[in-house]
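Thanks for letting me take a few minutes of the meeting. I would like to walk you through the cysteines and the strands of one structure, and I will try to go slowly.

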Amino acid sequence: MDGRENASRAPRPAPRAEDLPCDYCGGGPLVWRKCKLICEQCRQINKSCADL
């Protein structure tokens, strides 16, 4: 084994919530404001600190 095989099996980090599309409009960007993840395009709350 030469190390490349292990690299392909390494777990990938989970995407950050800010990098995901909006649950409502599919757009973005998503930003955290006052413990809420808000879409800047449609202004909907996608997540809050209580969801984490």
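Cysteines and strands

Let me begin with Cys49, which at 37% relative accessibility counts as partly exposed. Please keep in mind, as we go, that what you are looking at is a predicted model.

Which residue does Cys49 form a disulfide with? The partner is Cys35, and the two sulfur atoms are 1.5 Å apart. This pair links distant parts of the chain, since Cys35 lies in the loop between β1 (30–33) and β2 (36–39), while Cys49 lies in the segment after β3 (45–48), 14 residues apart. Cys35 is partly exposed as well, with a relative accessible area of 37%.

A search of the whole structure finds one disulfide, and you may wonder about Cys25 and Cys39. The closest cysteine sulfur to that of Cys25 is the one in Cys39, at 3.7 Å, which is too far for a bond, because a disulfide needs the sulfur atoms within 2.5 Å. As for their surroundings, Cys25 is partly exposed, with a relative accessible area of 37%, whereas Cys39 is buried, at 0%.

Now to the strands, of which three form an open sheet in the order β1-β2-β3, with antiparallel pairing. The edge strands are β1 and β3, each of which pairs on one side only, and the twist from one strand to the next averages 25 degrees. If we look at β2 and β3, we find that they pair in the antiparallel sense over three bridges, and that Ile38 has Ile45, in β3, as its bridge partner.

Notes:
Residues are numbered from 1 along each chain as its sequence is written. This is a predicted model: local features need pLDDT of at least 70, side-chain atom pairs count only at pLDDT 80 or more; totals for chains, interfaces and linings use all residues. Side-chain values use heavy atoms; hydrogens and water are left out. Helices (H or I, at least four residues) and strands (E, at least two) are DSSP runs, numbered from the N terminus. Buried means under 20% relative accessible area, exposed over 50%, partly exposed in between (1.4 Å probe, protein chains only). Two strands pair if DSSP finds at least two bridges between them. Axes are lines fitted to C-alpha atoms, for helices over the stretch in contact, and angles run from 0 to 180 degrees between N-to-C directions.
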